[in-house]
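Q: Please take a close look at one part of this model, then lead me on to what lies around it. Which residues line the second largest pocket?

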Amino acid sequence: MSVVEVENVTKTFATDHGKILVLENVSFSVGNDEFICLVGPSGCGKSTLLRIIAGLERADSGRVLFRGQPIEKPTPKITMVFQLFGLLPWKTALENIEVPLEVLGVPKPNRMHIAEEYLRMVGLEGFETTYPHDLSGGMKQRVGIARALALKPDVLLMDEPFSSLDELTAKTLRELVLNIWQNPVLPTNTFIMVSHNVEEAVFMADRVIVMSRRPGRVIGEVHIDLPRPRSSYLRDKEYFRYVDDVVALLEKGETATKDRSPISLTADQSEVSKR
Ligand code: ADP
Ligand code: MG
């Protein structure tokens, strides 16, 4: 059975210029143990889609199911890692990991213990009392990852988690995330990651789902059948063939949207559809 099912999700936002259609009939499902990457042009609704899956935002129509049940509000079973980390500057690394546990009512000694365990897992032992200000970008994202995992979710959502990091740091953190995904001791084994970096998506995913320019629709998907670990494949023809397949779908998404534009958009070509 699927862990997450996105069914015909459509979403609009009201703006000063009228309503904008951001997601249109988005459907896909994600199985247990799967690592999914969502790619698409900037502004196509990827973050909005993740927020809907996380229960932080409601779809106008369609729904998202978690193990068969509609998601209507945030649940500790599905947690998120943010692009800009989302740490509280006035709390230490350890306290930041404790925040969602505290919200769930986990008593102080227990949540400290859990936070320490997860801080260690992401390689930050010794930085318990350090404030975000004194951590590098990569270290902040390690805290963000630990905070999301400390709730022991089934599903981890990641919104461009490496795109604000330098390439060397990003490379290290990609490996860390893949190790966490493959770690049989951890309960979190369904990963959905947004990326606009096609090579990163092909490196990490079992399946890359490609979205069109806004309004975001699913254009197609590419199954990545490269063996793991994949670092030795990064210069391989086969790896680049997958990258080309994803890029071809992205290009198809551009054309398809242009062809459709007179239908879904108004004449002021500002991509704003007035109602
Ligand atoms: P992506 O993550 O793919 O870059 P987003 O989901 O962030 O795209 O945004 C999709 C579109 O929806 C953008 O045009 C953005 O400006 C708009 N948008 C996102 N959130 C809101 C909001 N709360 N109110 C109005 N417009 C929004
Ligand atoms: Mg985004």
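A: Twelve names answer that. The second largest pocket is lined by Glu167, Lys171, Arg174, Glu175, Asn197, Glu199, Glu200, Phe203, Ser231, Leu234, Tyr239 and Phe240. A pocket here is an open set of points on a 1 Å grid over the protein atoms alone, where a 1.4 Å probe fits and protein lies on both sides within 12 Å along at least five of seven lines; lining residues have an atom within 4 Å of a point.

Some ground rules come next. This is a predicted model: local features need pLDDT of at least 70, side-chain atom pairs count only at pLDDT 80 or more, and totals for chains, interfaces and linings use all residues. Residues are numbered from 1 along each chain as its sequence is written, chains are lettered from A and ligands numbered from 1 in the order in which they are written, and side-chain values use heavy atoms, leaving out hydrogens and water.

Back to the pocket. Its space comes to about 210 Å³ (the volume filled by probe spheres set on the grid points). Three helices each supply at least two lining residues: H5 (167-182), H6 (198-204) and H7 (237-264). Helices (H or I, at least four residues) and strands (E, at least two) are DSSP runs, numbered from the N terminus. H5 gives the most to this lining, with four residues. By class, the lining has six charged, four nonpolar and two polar residues. Asp, Glu, Lys and Arg count as charged; Ala, Val, Leu, Ile, Met, Phe, Trp, Tyr, Cys and Pro as nonpolar; the others, Gly among them, as polar.

Stay with H6 for a moment. Alanine 201 lies in this helix. With a relative accessibility of 0%, alanine 201 counts as buried (under 20% relative accessible area; exposed is over 50%, partly exposed in between, with a 1.4 Å probe and protein chains only). How far is alanine 201 from leucine 88, C-alpha to C-alpha? The two are 29 Å apart in space, and 113 residues apart in sequence.

Now set the second largest pocket beside the largest one. The largest pocket holds about 410 Å³ of space. It has 15 lining residues, and those closest to its centre are Pro74, Ile78, Thr79, Pro100 and Leu151. Strand E6 (78-81), helix H2 (93-103) and helix H4 (137-149) are the elements that give two or more residues to this lining. E6 has the largest share, three residues. In the largest pocket, 12 lining residues are nonpolar, two are polar and one is charged.

E6 leads on to a sheet. Six strands form this open sheet, in the order E6-E7-E8-E3-E9-E10, and the pairing is mixed. E6 and E10 (218-223) are the edge strands, and each pairs on one side only. Two strands pair if DSSP finds at least two bridges between them.

Follow the order inward to E8 (190-195). Six of its six residues are buried. Thr190, Ile192 and Val194 point one way from E8, while Phe191, Met193 and Ser195 point the other way. Strand E7 (155-159) pairs with E8 in the parallel sense, over five bridges. Valine 155 stands opposite threonine 190 there. E3 also runs parallel to E8, and five bridges link them. Phenylalanine 35 has phenylalanine 191 of E8 as its bridge partner.

E3 (35-39) also reaches E9 (207-211): the two run parallel and are joined by four bridges. Isoleucine 36 has arginine 207 of E9 as its bridge partner.

Cysteine 37 comes next. Cysteine 37 is buried, with a relative accessible area of 0%. Cysteine 44 is buried too, at 1% relative accessibility. How many disulfides does the structure hold? It holds zero (a disulfide is a pair of cysteine sulfur atoms within 2.5 Å). Why is there no bond at cysteine 37? The closest cysteine sulfur, in cysteine 44, is 14 Å away, so it is too far for a bond.

One more pair stands earlier in the sequence. Strands E1 (2-15) and E2 (18-31) pair in the antiparallel sense over 10 bridges. A hairpin joins E1 to E2 through two residues. Alanine 14 has lysine 19 of E2 as its bridge partner.
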